[in-house]
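Q: Hey, I'm new to this one. Please walk me through it.
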Amino acid sequence: MTAAFTLDLEDHTGAYAPRGRHIDVARRILDWCDAQDIRGTVFVVGRLAASAPELVRELAARGHEVACHSWSHEPLGQLGPEGFRADTLRAKALLEDVAQHRVVGYRAPIFSLTRATPWAPDVLREAGFEYSSSVMPAPNPLHGFPEAPAHPFRWPSGLVELPCPVRRIGPLTVPYLGGVYLRYLPLRLVERWASRADGTVLWTYCHPYDFDADEPYTRIAGASTPTSVLLWLNRRGTWGRVGALAAGSRVTMAEVASRMQDLTTWSPSIS
Ligand SMILES: [Zn+2]
């Protein structure tokens with residue numbers, strides 16, 4: 001079992017300083033990817049590409065897919081359909097200009113594509129995206145979409161959705177391949193779940209801060225103090241954990257999505 005590698009490239013402090021800590025950590029992650037023979041997909045926040053275009057150019061030059069992680073990193077429901085369209089088009093245009101390749105993938109901030117944002121898949125398709133990786137098919141205190149399929153599917157607009165990999169255990173649904181879940185769960189358990197997952201596409205998802213064990217405590221933008229502490233601790237093992245799952249992976253999410261031909265069409269209204 002090898003999972004695809006994805007990174008959500010954002011500044012968790014919300015400052016987006018051109019020489020912020022997140023930039024240095026991202027560069028270390030790129031070097032590490034080369035050492036691990038990993039080529040993957042980086043979902044980049046548009047604001048970050050505006051403040052550090054050379055980093056985005058570099059990750060494209062190193063063979064990674066540059067995909068879109070919104071312009072402002074605001075949840076879709078807060079933007080509304082017109083705000084979402086403007087935010088997305090702005091980010092896509094800049095990312096394509098900087099990366100010098102078409103941007104066909106989108107990941108919603110905090111997996112905020114939910115039942116409350118039924119317009120989002122249509123907007124993404126109209127904007128020229130081919131796939132989305134924006135759905136957390138689980139109950140979640142922030143932005144879950146529990147009734148969505150846990151396997152890849154197609155929205156009525158034609159957009160391919162690659163949902164966040166989850167493991168169902170009784171009443172719980174655990175997005176075990178990324179973020180704090182990957183950092184806190186026993187690696188053996190994660191590997192066992194991944195090896196037994198079928199019918200889904202496995203991908204790891206992390207942020208620069210997940211790898212940054214030396215960062216002094218920092219309040220995460222938009223998060224409570226207990227959540228910020230949870231997100232701050234237990235970072236040292238991230239390199240080894242992601243490496244155990246994704247080393248040698250050379251497939252981008254765009255390549256995964258393009259191979260998906262016979263997908264079931266799904267929307268909340270036809271489920
Ligand atoms: Zn994000």
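A: Sure. A quick definition to begin with: helices here are DSSP runs of H or I with at least four residues, and they are numbered from the N terminus. Also, this is a predicted model.

Q: Okay, so what does D37 do just after α1?
A: D37 takes a positive phi there, about 60 degrees.

Q: And how far apart are the end C-alpha atoms of α1?
A: They're 21 Å apart. Helix α1 covers residues 21-35, and its 15 residues at 1.5 Å each should span 21 Å, so the two values agree.

Q: Which residues of α1 are buried?
A: Quite a list: H22, I23, V25, A26, I29, L30, W32 and C33.

Q: What covers them?
A: The cover includes strand β1, plus helices α2 (46-51), α3 (53-61) and α9 (238-246).

Q: Switching to strands: in what sense do β1 and β10 pair?
A: Parallel, over four bridges, with β1 being residues 4-9. One of the bridge partners in β10 is C206, which goes with L7.

Q: Which way do the residues of β10 point?
A: W203 and Y205 go one way, while T204 and C206 go the other. In a regular strand, side chains alternate between the two faces of the sheet. Both pairs in β10 are buried.

Q: Where's H207, then?
A: H207 sits in the loop between β10 and α8 (225-232).

Q: Is that one buried or exposed?
A: Buried, because its relative accessible area is 12%, and the cut-off for buried is under 20%.

Q: What does H207 touch?
A: L7, D8 and E10, leaving out residues up to four places away in sequence.

Key
Residues numbered from 1 in each chain as written. Predicted model: local features only at pLDDT ≥ 70, side-chain atom pairs only at ≥ 80, totals over all residues. Heavy atoms only, no water. Buried < 20%, exposed > 50% of the residue type's maximum accessible area, 1.4 Å probe, protein only. Helix = DSSP H or I, 4+ residues; strand = E, 2+ residues; numbered from the N terminus. Pairing = 2+ DSSP bridges. Expected span 1.5 Å × (residues − 1). Contact = heavy atoms within 4.5 Å.
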